[in-house]
Structures are given as C-alpha cells and as structure tokens.
Amino acid sequence: MPGLSLSPLLLLLLLLLGPPAPPARAAPHRPTAAGTTGGTPKTSGVSPTKAIAGGAPKGSESPPPKGTTPAPPKTSGVHLPKGTTAAPSRGGTAGPPKGSGTPPSPGPSAVTAPAPKVTTGAVPRKKKVVRKKVLRRKKVLRKKPEAPAAPQEPPCPPLGLESLRVLDTQLRASSHKRHGLGAHRGRLNIQSGLYDGDFYDGGWCAGREDTEQWLQVDARRLTRFTGVVTQGLNSIWTYDWVTSYKVQVSNDSHTWLPSRNGTEEAVFPGNKDPETPVLNLLPSPLVGRFLRINPQSWFPNGTVCLRAEVLGCPVPDPSDAHARHPPVPPESHLDFRHHNYKEMRKLMRRVSEECPDITRVYSIGQSSRGLRLYVMEISDNPGQHEVGEPEFRYVAGMHGNEVLGRELLLNLMEFLCREFRLGNPRVVQLVTDTRIHLLPSMNPDGYETAYRLGSELAGWAMGRWTYEGIDLNHNFADLNTALWDAEDNDLVPHQFPNHYIPIPEYYTFANATVAPETRAVIAWMQRYPFVLSANLHGGELVVTYPFDMSRTYWKAQELTPTPDDGVFRWLATVYATANLAMASGERRRCHYDDFARFGNIINGANWHTVAGSMNDFSYLHTNCFEITVELSCDKFPHASELPEEWENNRESLLLFMEQVHRGIKGVVRDSDTELGIPNAIISVDGINHDIRTASDGDYWRLLNPGEYEVTARAEGYEAATQPCRVYFENVPTPCSFRLARARGRHRPGRTRPGPDPALRLQRLRLRRLRAHGRGR
C-alpha cells in the first residue's frame, strides 16, 4: 500500500527489472464466478491457438497483489530481452501484447492503484523494446514412402464344376430325389429344362430332408481348398435353396476333417434366393482330395437343393502323373486375363502401336453411359476400302456377362499382329486379302457390371442387359414379319423386296425403345459393305444360323430356314468342326440340350425363337451373312481357363474368317464409262434372296460349290445374265458384269431415273433412325 517502506530485497528486484510501466487501461469485461477475466488477450504474431508451455489452465490465473509487479512467466524455447515479459497463455488473464513490457491488468473486481514510488540513486536507462515478428512456416505433409507390399499369393481358381472340367463321375451325393436332380446336376449356373420333372434339371436335390445329406467333389489330386460358391435350384416351378452348410475335407473319402472357425466347426451362411451366387471362404485352407458340402438348414417351404462351385489350388504331389507331365504352356505373348474397359483400350492401343501399318482403332458410337464402342480394323490398307476385297466382322459382348468372346477377340488382335510381323504366310494372306473389323464389346456397360462381381459371382444374368435394361439380341427391327406377310400374299420380289428390307416406320419414332448401342451398330452396318460376320455369345456349346425367329408366331421352337440355308449350314459347320471343345467326343451337354447329335449346329428358331435378332436383321437389311457362336458352357470363365479356351477357338476363328472368300465376286460396271455401278442387284437363279453392289460397284456373293445362273441389273440399265461356277477350293470365282444403258430411257433431255422405291424408303427410314439416335 502507498506510504509503506519496502524491504531491501524487493527494492533490489525492482532495480533489476527496471521502472514499472504505467498501468494499462482495463478493457471492458464481464466478471465470472471466480472473479477472473473471461476475455482472450490479443497478441501480435502468435497464433491464438498456441499456448506457451508452462501456462496455467484456463481461468486458473489470479491478478497480482496490489502494489506488486508480477514475476515473468517461464518460457519454452523463446528468448525474452531483459525487461520484457511473456504473454500469458491462452485462457489466462488478459494482458498486453507479447514483448510490450507491460504487466497484466488487474482483475475486474480489483481497483486499479498507482504503482509505488521508489527513490534510488541511479535510475537505469529504459531499454528500447524490440518487437519480433514470428512467422509460421507452412507445413507440407509429405507422404511417407510405403513399404513394399509382400507378394500376395494369387487366389485359387475354381475346380471347374461350371465349365465341365470336373466330370460327372467326380460328383457324388448322399441321396437324390431322381436322376434329373442327381449329383451331376449340382453345378454352378446349370440351367433346367422347361418342364417339371425334366431328365436334366437345374441342380442337386437330396432324397431326404435332414442334416446328414451331402454333395461330394473328387478333385482327383491333393488340393488346397479355399472356398465354396453356392446357388439354389434353377426351376420355374419350385423355390429351393440351402440357407447354411458345413464343409468337410478328406484324403480317402472315409475320414473327414471339418472346417473349423477356431475350436468350433464352422457353419457357413447359404443362399437367400435361388439365383444369386454366395461365396464363402474357408477360415483356413484345407488340404485334401475330397470335399463335401453338408447342408444344415434350407428354405422352409422348399427342400435340400443346391448348385455349387469349389475353389482350390492343386498341391504338388510326386506321385501324381499330372504333376510329372504338366500341360504344354500357352502362347506367352498373349494377354490371358479379363480386361475391363480401360484395360481393353490400352491393349487395343498397344496392338495398334506395334502394328501401325495394318491396324486402325475407331469408334462407332457410345453406350448408354458414354463408353465408346471401339473397333479394331486389321488390313494391309487400314481405313480404306479396296475394290474386290471383302469386309469381315466379329462382334462380341452383346450380352455383357458373356465375356469369353471379348477376350478371344483381344487375343486375336494380338495374334494377327504378331504373326503378320513374323511373316506367317496364312496370316499375311488373310490380312492382305481381307478387311477385318473386330468389335470386342458391344455392351460395355453390362460388361462392367459383371466384371465388378467377378467370374463366379456374376451369376447367369447379371450384366446381360444394357444400363437401360435392354437385351440387345432382341432390340433390332423385326423385318421377318413384313417379309413373310409379303410372301404369303405373293408380293415378293416384284412388289416387295427379298433383301435390303426397309426398317419399319414405328422403329424410327423418337419414343421407340432402341438402345444407343443398337443404333450405333446399325449405322456401322450401313457404312461398311460387310459380307460375313459372327456374333460371339456364351453359355452353351453350339453354332446357330438364321432364321432366329420362328415363322409361326406362337411357336417357341420351329425350323425356319432362309433361302441360303445350305450356305449357312456350311458356315456353322466350319466353326463347329474346328472348335476343339465342340468336336471332342468326350464332351457332355452343358445344360439340357444335346447339340452333339446335330453336329453342334442348329437353326436358331429351332432352338428357341428370338424376335429382333442381329443375325436376322443383318441378313434381311444388308448383304451380310451372320451366325451366332455359343463359345462355352460357362458365360464368365475364370482367367485361368482363358488359355485353354483360346486353344479351343483359335483355328475356328481363323478358318471362319477365310470363308468370306467362298463363292463369287466381281464388279458391275457401266459399259460406256467403265465406272462401277452402285446398288446394282445381283440375283442367283433358284435362291430367293438378292444382294447389292457397294459404292464402287463391287460385290461378293457367298455360295456353295456348284453351277449358278447369275443376273445383274440396275436402274436405267439392261439386265445381264451369265453362268458362274463355284469350285471346292476356298477361292472366289470372278463373275463381273458390264451393263449397257437401257434404250429409249436416257435420251438427251430426259431426267435420269432415281433409285428404286425400296432403296429410297430404306434410306429415308435410316435417316429418321439416326435423327433420334443417342450416344452416336
């Protein structure tokens, strides 16, 4: 208090610290219950979020006693000049800026009192306060280098129940309801017949309903089993599936070791519907030769029925003959794996860069979600149509979950590029004499859906349709009905054409259900004069040929041949007989149809009717003959099976392309100008189906060996007929025409007649279709 004498110790402390600064003006504040200041001090150059080490907690500081100067707080890592004090920590008593030398203000309840006068002999000179600006460096978060991941062991592939690598004799069961529901039917994605009680039904069903039933798989060698995939019964009449099961493994089929989850026997969750595959990985792999699936519970309103696939890796066994004599490795230069959209583009780009002189990649449009439909062209003059050179196409991926065709076409690109560079004479001749177009994915949206699920979990239908839910194999215009109605009324070919049939008007409306993928392919067909094509599917082992739609509309199956039935049967037989899987005498039926007794070929409508198929549309709307190839029982084979599938189909793919040169070819020219006549009609006596010439006047007509009377006619020209003979050698017979102008029809001053009405109508409908197209 003023007027009192100070102790010598306090006086010495004041001399060392210097004269006290005048008291600061107290800021307005609100008192708290504890009597401390609730405000936050305003500091200079210091982040308000950082407190100096050693500061008291918020609200813990109290104002200094009256008449005293507070001691400087301890600081951490900050050097304070002599005579300065540090700012209080965040949450303490409000005070002046850091480094000002001004003591903190007293609390709100205290009255500001003048500092006591101290008389000394020598007053120390006031030092100048130096303000230091503290700059905070921006912290750059640097990614710590990740440690290299340990090499992961590749997951075990399926044993092959779905792809038929596991034979019927390798499957056993505790019991079965009847032969059609025996153990040999317990294969993933197997399909049932149309009738209840079919001899070939859609799964295995136990003869009794108890927890002692089992389905057993014999791997025929020591195998490290890692997982099981299950489905319910495929049937349109009943609903049956297993909801939980156990797994046991054995080496001798007598002593069984259960799969355990710790100390307890593992019970795996099963299915919730008949079709969705469910994968269960074993808690730890089990090694053995035999594996049993032991159902524990099932759908209450059903019975014990399931379809399955088993995952496992073979274990090296010195006593195994297969281990001593491993199979011949596949061609190492081919990329045997499943390629998603980005990887497919990279592969096509890589092939194009390796063989720039014979390849070209182009797009024909876009899918519903904007993915481009890429085509690889392979020819000695890519991007150019050469007169007399036929154009061929392969189309794959119409159904997105049928993926084998996509991978085969990607491997075919690599194969043709490599073999052409190596000088393979067969490939060099094929590429030189043919313009090849390969469309590996017509439905990329559907493929991406199936690809995300994977080989064993995509099921039978997931990814089949486009993003808009359209089945592309039923989405082309139905031209069959119009043709057959005209034939029934004797209007063909004089009043109604037997070829180049125009698209129906309803198909060109803006609200017509036409997928952008379909529109893109139709425009592609119009742009190139294709002669031969194959549409690659999966899920069976058979080759089908037009017509795909039965003539009697209410019949699900009916033999409906085209006027070129003999040619189509030959084309289908060429592919089927060269395919190793189809030609094998040990092959069994995939599902319920035995196509082997028909030579693995069948008329499409005689199998099941399909309205609006691409095969029928291609035959009736263009010059192109197209077949469908069902490549494999398994729609989505595992990547480990792709090398074998390539070997099964390599010769078939090459041999079928060479059939584009079977028949006759030629050029229809104007006898005066020697220029080619486009859209001239080529008719073969005895075959009620004509074709037309391309823009340069050249044409190709597929025919079987024999003698033919061929007629060429064009609007404004006299028709010409000549005999043409087709030989057994796979070399086209030249059969060209020079047409003279019709007399009295093109005199000077007269207008040249336009195209025939059918062609004019066809072009009009195509323009309307393109006008309403999307994703082109």
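# A walk through the model

Of the protein's 776 residues, 49% count as buried. What you have open is a predicted model, so keep the confidence colouring handy if you like. Switch to cartoon for the overview: there are 14 helices and 26 strands. Among contacts between residues at least 6 apart in sequence, 76% join residues at least 24 apart.

**Stop one: an aromatic pair.** Select Trp484 and Phe547 and show them as sticks. Their rings pair edge-to-face, with 5.5 Å centre to centre and 90 degrees between the planes. Now colour by element of secondary structure. Trp484 belongs to helix 7 (residues 480-488), while Phe547 sits in the loop between strand 16 (542-545) and helix 9 (565-578), so the pair ties together parts 63 residues apart in sequence. Buried or exposed, what is Trp484? Turn on the surface to see: Trp484 is buried, at 6% relative accessible area. Phe547 is buried as well, at 2%.

**Stop two: the rest of the cluster.** Add Phe568, Tyr619 and Phe625 to the selection. Ring pairs link these three with Trp484 and Phe547 into a cluster. If you feel like hunting for others, the structure holds 21 aromatic pairs.

**Stop three: helix 12.** Follow Tyr619 from the cluster and select residues 614-621, which make up helix 12. How many of the residues of helix 12 are buried? The count is 8 of the 8, so the helix is largely enclosed by the rest of the structure. Tyr619 is one of those buried residues, and Phe617, Leu620 and His621 are among the others. The polar names on the buried list include Asn615, Asp616 and Ser618.

**Stop four: a helix crossing.** Select helix 4 (residues 404-422) and helix 13 (residues 642-658). They pack at an angle of about 70 degrees, with axes 10 Å apart. The two helices are therefore roughly perpendicular to each other, and their crossing is right-handed. For the contact itself, show side chains: helix 4 brings Leu404, Glu407, Leu408, Asn411, Leu412, Phe415 and Leu416, and among the residues helix 13 contributes are Leu642, Trp646, Asn649, Leu653 and Met657. Look at the spacing along helix 4 while you're there. An α-helix has 3.6 residues a turn, so residues three or four places apart point the same way.

**Stop five: arginines over rings.** Stay with helix 4 and pick Arg406. Arg406 lies over the face of Tyr447, 3.5 Å from the ring centre. Then jump to Arg292, which lies over the face of Trp214 at 3.6 Å from the ring centre.

Note on methods
Residues are numbered from 1 along each chain as its sequence is written. This is a predicted model: local features need pLDDT of at least 70, side-chain atom pairs count only at pLDDT 80 or more; totals for chains, interfaces and linings use all residues. Side-chain values use heavy atoms; hydrogens and water are left out. Rings of Phe, Tyr and Trp (its six-membered ring) pair if their centres lie within 6.5 Å; planes under 30 degrees apart count as stacked, over 60 as edge-to-face and the rest as tilted. Helices (H or I, at least four residues) and strands (E, at least two) are DSSP runs, numbered from the N terminus. Buried means under 20% relative accessible area, exposed over 50%, partly exposed in between (1.4 Å probe, protein chains only). A charge sits over a ring if NZ of Lys or CZ of Arg is within 6 Å of the ring centre and within 35 degrees of the ring normal. Axes are lines fitted to C-alpha atoms, for helices over the stretch in contact, and angles run from 0 to 180 degrees between N-to-C directions. Angles under 35 degrees count as roughly parallel, over 145 as roughly antiparallel, 65 to 115 as roughly perpendicular and the rest as oblique. A crossing is left-handed if the near helix is turned anticlockwise from the far one by less than a right angle, and right-handed if clockwise. Contact means heavy atoms within 4.5 Å.
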